[in-house]
Amino acid sequence: MEAFREVAFASNIPIATGERRYSRWDFKRLLTAGGVDIIQPDLSHAGGLTEVKKIASMAEAYDVALAPH
């Protein structure tokens with residue numbers, strides 16, 4: 001997760017990830033590390049609609065877009 005910052009710095013293409021993250025704590029670590037422009041939680045992997053809504057609130061606080069997978 002920490003390598004996303006280096007990849008984002010070297011590229012002008014937005015970085016999207018998160019399909020295989022399983023909890024809001026995984027997403028928190030990802031958002032804190034930085035370098036991600038779009039997170040894509042999978043509703044079935046991330047704990048359902050309520051959990052993804054919490055993840056979306058975190059993403060908003062970090063000014064990161066959300067695109068459910």
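In the predicted model, Asp-42 touches Gly-18, Glu-19 and His-69, residues up to four places away in sequence being left out of account. Asp-42 itself belongs to the loop that lies between β2 and α3 (49–61). Although Asp-42 is buried, it has no salt bridge. The nearest side chain of opposite charge is that of Arg-20, 6.4 Å away, whereas a salt bridge requires a side-chain nitrogen of Lys or Arg within 4 Å of a carboxyl oxygen.

The strand that precedes this loop, β2, is part of an open sheet of three strands. The order within the sheet is β1-β2-β3, and the pairing is parallel. β1 (16–17) and β3 (65–66) are the edge strands, each pairing on one side only. Two bridges connect β2 (residues 38–39) with β3 in the parallel sense, and Ile-38 stands opposite Ala-65 of β3.

In the protein as a whole, three helices and three strands make up the secondary structure, and from the N terminus on these elements follow the succession α-β-α-β-α-β. The radius of gyration is 11 Å, close to the 11 Å given by the globule rule for 69 residues, so the protein is as compact as a globular protein of that length. The C-alpha trace spans about 35 × 20 × 15 Å along its principal axes.

Of the 69 residues, 32% are buried. The protein exposes about 4500 Å², of which carbon and sulfur atoms supply 55%. Among contacts between residues at least 6 apart in sequence, 58% join residues at least 24 apart.

How values were computed. Residues numbered from 1 in each chain as written. Predicted model: local features only at pLDDT ≥ 70, side-chain atom pairs only at ≥ 80, totals over all residues. Heavy atoms only, no water. Pairing = 2+ DSSP bridges. Helix = DSSP H or I, 4+ residues; strand = E, 2+ residues; numbered from the N terminus. Buried < 20%, exposed > 50% of the residue type's maximum accessible area, 1.4 Å probe, protein only. Lys, Arg positive; Asp, Glu negative; His and termini not counted. Contact = heavy atoms within 4.5 Å. Rg over C-alpha atoms; globule rule 2.2 N^0.38 Å. Areas by Shrake-Rupley, 256 points an atom, 1.4 Å probe, with all protein chains shown as cover.
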